[in-house]
Amino acid sequence: MSTFELKTHQIGRTYSQPHFFILNKGQNSGKPLINPCPNCFVVTVPTEEEKHTLYHLSMMLQIGGFYAYYLKGSVIPFISIDDCRNTLKDGYTSLLNESKELKKHISIVSAISRKEAELQKVISKMADLKVSYIQSLFSKKQNRATKGNKNLINLLA
């Protein structure tokens with residue numbers, strides 16, 4: 001059984017054990033993070049392997065909407081530390097008996113996430129390309145218009 005500790009992260013604090021963070025406010029509550037933010041919990045574990053397992057399990061629970069059930073608050077939704085801890089524990093224990101299956105599911109979700117990140121980079125580059133194309137299109141038209149205005153000024157002089 002995984003032995004993890006879930007606490008509220010304090011800004012500026014460093015951790016010596018393997019750890020990751022879980023967002024606790026907003027619509028993305030439950031989302032695991034590598035780097036801390038002001039509104040997050042920290043999960044510390046004894047080994048890197050457990051960190052990897054719990055990180056991806058938390059990602060699966062967040063994507064699946066299992067944390068969303070526990071969101072409270074009308075303006076800025078948040079998840080309590082106990083609800084987050086219990087959801088993570090329940091998710092882990094329900095899949096603990098199927099250790100090989102859990103690793104298989106984590107590897108599949110990891111591969112999908114990597115592909116998603118690659119595609120996001122491609123989409124970002126396509127957006128940059130579109131902006132560059134449009135800017136170059138209008139700069140050519142402005143250059144032509146400027147040259148036409150210079151000819152007109154020369155004729156009037």
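This briefing covers the strand arrangement, the helix packing, the surroundings of one phenylalanine and the salt bridges of the structure above. The model is a predicted one. Its four strands make up an open, antiparallel sheet in the order β1-β4-β2-β3, and two helices, α1 and α2, pack on that sheet. Six salt bridges are found when the whole structure is searched, and three of the pairs are described below.

**The sheet and its strands**

- The order of the open sheet is β1-β4-β2-β3, with antiparallel pairing; β1 (5-8) and β3 (32-33) are the edge strands, and because each has a single partner strand, one side of each is left without a neighbour in the sheet.
- Strand β2 (residues 19-23) and strand β4 (residues 40-44) run antiparallel and are joined by five bridges, with Phe-21 standing opposite Val-42 and His-19 having Thr-44 as its bridge partner.
- On the other pairing of β4, four bridges connect this strand to β1, again in an antiparallel sense, and here Lys-7 is the residue that stands opposite Val-42.
- Val-42 of β4 therefore faces a residue in each of two pairings, since β4 is bridged to β2 and to β1, with Phe-21 and Lys-7 as the residues opposite, and Val-42 is itself buried.

**Cover over β4 and the packing of the helices**

- Five of the five residues of β4 are buried, so that the strand is mostly covered.
- The cover extends to both faces of β4, with Cys-40, Val-42 and Thr-44 buried on one side, and Phe-41 and Val-43 buried on the other.

**The surroundings of Phe-21**

- Phe-21 lies in strand β2 and has a relative accessible area of 3%, so it counts as buried, the limit for that class being under 20%.
- Leaving aside residues up to four places away in sequence, the residues that Phe-21 touches include His-9, Tyr-15, Lys-31, Pro-32, Leu-33 and Ile-34, and also Cys-40, Phe-41 and Val-42.
- Ile-34, one of these contacts, is 13 residues from Phe-21 in sequence, while the C-alpha to C-alpha separation of the two in space is 6.2 Å.

**Salt bridges**

- Glu-5 and Lys-7 form a salt bridge in which the closest N and O atoms are 2.9 Å apart; both residues are partly exposed, Glu-5 with a relative accessible area of 38% and Lys-7 with one of 39%.
- Lys-51 and Glu-48 meet through their side chains in a salt bridge with an N to O distance of 3.9 Å, which falls inside the criterion of within 4 Å; because these two residues are three apart in helix α1 (residues 48-63), about one helical turn separates them.
- Lys-72 and Asp-83 form a salt bridge whose closest N and O atoms are 2.3 Å apart, and this pair links distant parts of the chain, with Lys-72 in the loop between α1 and α2 (81-96), Asp-83 in helix α2, and their positions 11 residues apart in sequence.
- The two partners of that last pair fall into separate accessibility classes, since Lys-72 is partly exposed at 35% relative accessibility, whereas Asp-83 is buried at 15%.

How values were computed:
Residues are numbered from 1 along each chain as its sequence is written. This is a predicted model: local features need pLDDT of at least 70, side-chain atom pairs count only at pLDDT 80 or more; totals for chains, interfaces and linings use all residues. Side-chain values use heavy atoms; hydrogens and water are left out. Buried means under 20% relative accessible area, exposed over 50%, partly exposed in between (1.4 Å probe, protein chains only). Two strands pair if DSSP finds at least two bridges between them. Contact means heavy atoms within 4.5 Å. Axes are lines fitted to C-alpha atoms, for helices over the stretch in contact, and angles run from 0 to 180 degrees between N-to-C directions.
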